[in-house]
Amino acid sequence: PPEYWSGPLAIGLIVGALVALILARTTLALVGPAVFIIVSMFTTVALTAMAVEKKRDEMTAQFKPDRLKKESFWRTIREAPADFQFFLHAAAMKQCVPYAWSYRRMDFYPLNAQTARNVIPPAWLIECGVAPPGRR
């Protein structure tokens with residue numbers, strides 16, 4: 001959602017511009033535009049990552065799952081482009097109901113049984129009396 005990246009974007013653009021302006025006064029002036037883009041993008045992504053992970057941690061504390069497995073936002077960026085995914089930003093189990101985290105919704109959502117068997121840690125499924133993949 002924009003509320004999580006619009007502030008970091010503004011800060012990223014300001015930081016990138018400041019770095020580019022500093023470089024413009026040196027012999028590295030030619031690389032200023034490239035540095036502006038790199039610094040702006042990295043700053044924006046880093047600040048957004050911190051904001052959304054903080055929000056996920058707050059929502060997790062409110063949700064109070066019995067089990068939780070979470071991945072960093074950086075890993076999400078690396079994994080998200082895959083065609084077929086068995087990757088969750090975060091997995092949770094509450095009263096033997098499996099949930100996954102959505103950065104789009106900024107909330108947990110319940111998983112259907114078939115999906116859960118493919119992405120939830122097998123030990124959690126066994127604990128809840130659900131057979132993991134390959135077991136009947």
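**Close-up views of a predicted model**

**View 1. The hairpin of strand 3 and strand 4.** Ser102 lies opposite Asp107 of strand 4 in this predicted model. The two partners, strand 3 (residues 97–102) and strand 4 (residues 107–110), are paired in the antiparallel sense over four bridges. Four residues lie between the strands of this hairpin, where Met106 adopts a positive phi near 55 degrees.

**View 2. His89 and its surroundings.** His89 is located in the loop that joins helix 3 (73–79) to strand 2 (90–94). The residue counts as buried because its relative accessibility is 19%, and the cut-off for buried is under 20%. Once neighbours within four places in sequence are left aside, the contacts of His89 are Arg56, Lys70, Glu71, Thr76, Trp101 and Tyr103.

**View 3. A nonpolar surface patch with Trp5.** Trp5, Leu9 and Leu13 make a nonpolar patch of about 260 Å² on the surface. Trp5 belongs to helix 1 (residues 2–24). With a relative accessible area of 41%, Trp5 is classed as partly exposed, since this class falls between the limits of 20% for buried and 50% for exposed.

**View 4. Helix 2 and the residue that follows.** Helix 2 (residues 32–63) comprises 32 residues. From the first C-alpha to the last, helix 2 spans 46 Å, close to the 46 Å expected at 1.5 Å a residue. Lys64, just after helix 2, has a positive phi of about 55 degrees.

Methods
Residues are numbered from 1 along each chain as its sequence is written. This is a predicted model: local features need pLDDT of at least 70, side-chain atom pairs count only at pLDDT 80 or more; totals for chains, interfaces and linings use all residues. Side-chain values use heavy atoms; hydrogens and water are left out. Two strands pair if DSSP finds at least two bridges between them. Helices (H or I, at least four residues) and strands (E, at least two) are DSSP runs, numbered from the N terminus. Patches are made of residues with over 30% relative accessible area and no salt bridge: like charges are joined within 9 Å, nonpolar side chains (Val, Leu, Ile, Met, Phe, Trp, Tyr) within 5 Å. Accessible areas come from the Shrake-Rupley method with a 1.4 Å probe; for residues, only the protein chains shown count as cover. A salt bridge is a side-chain nitrogen of Lys or Arg within 4 Å of a carboxyl oxygen of Asp or Glu. Buried means under 20% relative accessible area, exposed over 50%, partly exposed in between (1.4 Å probe, protein chains only). Contact means heavy atoms within 4.5 Å. The expected span of a helix is 1.5 Å times one less than its number of residues.
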